[in-house]
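Reader: Please take a close look at one bound molecule and its contacts, and then place that part within the rest of the chain. I would like the cut-offs behind each term as you go.

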Amino acid sequence: MDFIQNMYVQAGLLILATMILAKIVSTLLCSGSSKNLPPMVSAWPIIGGLMKFLKGPIVMLREEYPKLGNVFTIKLLIKNVTFLIGPEVSQHFFKATESDLSQQEVYQFNVPTFGPGVVFDVDYSVRQEQFRFFTESLRVSKLKSYVDQMILEAEGYFAKWGEEGVVDLKYELEHLIILTASRCLLGREVRDQLFEDVSSLFHDLDSGMLPISVVFPYLPIPAHHRRDKARKKLAEIFTKIIQGRKQSGNVESDMLQSFIDSKYKDGRPTTESEVTGLLIAALFAGQHTSSITSTWTGAYLLSHKKYLSSVLEEQKDVKKRHGDKLDHDVLAEMDVLYRCIKEALRLHPPLIVLLRSNHRDFTVTAKDGKDYVIPKGHVVATSPAFSNRLPHIFKNPDTYDPDRFAPGREEDKVAGAFSYISFGGGRHGCLGEPFAYLQIKAIWTHLLRNFELELISPFPEIDWNAMVVGVKDKVMVRYRRRPLSVD
Ligand code: HEM
Ligand SMILES: *[C@@H]1O[C@H](CO)[C@@H](O)[C@H](O)[C@H]1NC(C)=O
């Protein structure tokens, strides 16, 4: 009797234990599948999210971030876009492998502009090799010779200014940078002989990249038609130039040459069409971004006497050490000017939203301590323009204060990596960052040393409507040539 009772008790306990275990397992599993999704931006069904987004991503972020925190989702028609704001939640965005978070889908709209067989038109394994070509074409030994050409271009350009006068600095710097980019990237043939043709073709390529092109890159509109014609014509021009170089054995020290000489791992050289596409990609990555940044730098320096004095002081110091000699290594010593550019770029990153396509669920811990699962299928986004002004990272974030990057403060570092993301970071961080700084430093060194400048128009507004966000208004500046210094 006892024995049987015991058996029942034991069986009962066993069943109970099994049930408890089952319950624990199922809770664990359930909490895995009934995911804790990020809060959603509340909006009217179907087009509500889009309408909020169309006011501008930054307006939307300014409204939603205080309500929803630093991880939230907005529904744009058929896509959920999840924003990850601030360094606390940015690790995965910048470090994930291409198989987890990819660029190909979200940056696909560049394909008709860059052309076939390059960058977002090819598999990641090929793209990775092409990014290696970029890296090689921008290594220090190459940068040194680009810098010599940047300086020559600046000297030539500003020699055409008079003794004194008034200019639109935005227009001037845009044009100078097209010339410099032509020489350093596209090569001597384009800069010296084909400049007018090639820049008007690039203009058509540029005008063919509209906000609507991001969603419908092949929409049959005149702008796209002109873009496609220009792309074909550019291919013809570059094919001729490349064949010319190959036949004559002429070797130059520009990015074009670097791409011609590049080889894939299996020994295959680049084709003429690939070289053309890579050059177009480089120009799209580097031209507007740099010219906008040099204009903002000028607008801030000329409206902040304190920092204008400190960059002028630095120029004097550098001249004491090196005289009039100016090259890569001399520019590299200009830390004050560097911080002034970097701060203009913190306030005005030209790429205001970066995107990835999510292929695998991942979890982030938001600033409020909550864990959120970001599901596969979401587009994941971050925003340099918004993140660069977070007040818990950057003190008085709307104030121009280059010293925030100086030793002792280093606000871009104290809160961890990915606090300052004007150049992105991690796996896909900008490959042209050193090139961009050298170019902007070369231009401003020339201007500061040779001219007295005064901003005579109001401080410019931001042109939020451009694909590469820039300066909206003219930046009118009165200049006067400095007397030749005797020191
Ligand atoms: C002030 C100037 C510039 C700014 C603000 C800038 C910004 C950026 C940003 C934010 C990214 C990352 C995009 C992403 O994560 O989705 C990027 C990538 C890139 N940039 Fe720049 N850029 C500048 C100049 C240049 C120049 C001058 C070049 C080349 C000559 C260049 C070449 C590239 C390339 C090749 C990538 C792709 C890297 C990759 O995906 O692995 N950039 N840039
Ligand atoms: C977007 O997310 C919401 C809620 O998280 C979900 O109900 C909806 O199905 C998702 N839409 C798409 C297209 O993935």
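Author: An oxygen atom of ligand 2 lies 2.5 Å from an N or O atom in the side chain of asparagine 80, a polar contact in the sense of a pair of N or O atoms within 3.5 Å (within protein, one atom must also be able to donate a hydrogen and the other to accept it, and residues adjacent in sequence count only if both atoms are side-chain atoms). Around ligand 2 stand Leu37, Ile78 and Asn80, where a residue is taken as near a molecule or strand if one of its heavy atoms lies within 4 Å of it. On its own, ligand 2 has 360 Å² of accessible area, and the protein covers 46% of that; such areas come from the Shrake-Rupley method with a 1.4 Å probe, and for residues only the protein chains shown count as cover.

This is a predicted model, in which local features need pLDDT of at least 70 and side-chain atom pairs count only at pLDDT 80 or more, while totals for chains, interfaces and linings use all residues. Residues are numbered from 1 along each chain as its sequence is written, chains are lettered from A and ligands numbered from 1 in the order in which they are written, and side-chain values use heavy atoms, with hydrogens and water left out.

Turning to the other ligand, the shell around ligand 1 holds 24 residues, of which Tyr107, Arg356, Ser422, His428 and Cys430 come nearest. Oxygen atoms of ligand 1 have polar side-chain partners: an atom of tyrosine 107 at 2.6 Å, one of arginine 356 at 2.8 Å, and one of histidine 428 at 3.1 Å. By class, this shell has 13 nonpolar, 10 polar and 1 charged residues, with Ala, Val, Leu, Ile, Met, Phe, Trp, Tyr, Cys and Pro counted as nonpolar, Asp, Glu, Lys and Arg as charged, and the others, Gly among them, as polar.

At least two residues of the shell around ligand 1 come from each of α6 (124-137), α14 (272-303), β5 (354-358) and α20 (433-450), and α14 supplies the largest share, 5 residues. These names follow DSSP runs numbered from the N terminus, with helices (H or I) of at least four residues and strands (E) of at least two; the chain comes to 20 helices and 12 strands.

Along its principal axes, the C-alpha trace of the chain spans about 115 × 55 × 45 Å. The domain assignment, which is automatic or taken from a database, gives domain 1 (1-32) and domain 2 (34-481), and their centres, taken over C-alpha atoms, are separated by 62 Å. Of the 487 residues, 49% count as buried, that is, under 20% relative accessible area, with exposed meaning over 50% and partly exposed in between (1.4 Å probe, protein chains only).

Two helices allow a check of length against residue count, the expected span being 1.5 Å times one less than the number of residues. Helix α12 (residues 222-248) has 27 residues and should therefore span 39 Å, which agrees with the 39 Å between its end C-alpha atoms. Its buried residues include Ala223, His224, Arg227 and Ala230, whereas histidine 225, also in α12, counts as exposed because its relative accessibility is 55%. The C-alpha atom of histidine 225 is 9.8 Å from that of leucine 205, 20 residues away along the chain, and glycine 249, just after α12, takes a positive phi of about 75°. Helix α7 (residues 140-159), with 20 residues, should span 28 Å, and its end C-alpha atoms are 28 Å apart, so the two values agree; among its buried residues are Leu143, Tyr146, Met150 and Phe158.

Some loop residues also deserve a careful reading. Most residues other than glycine have a negative phi. Glutamate 410, in the loop between α18 (384-387) and α19 (411-414), has a positive phi near 40° and, at a relative accessible area of 32%, is partly exposed. Phenylalanine 418, in the loop between α19 and α20, has a positive phi near 70° and counts as buried because its relative accessibility is 11%. Glutamine 108, in the loop between β3 (101-102) and α5 (111-114), is partly exposed at 33% relative accessibility, and its C-alpha atom is separated by 7.2 Å from that of aspartate 121, 13 residues away along the chain.
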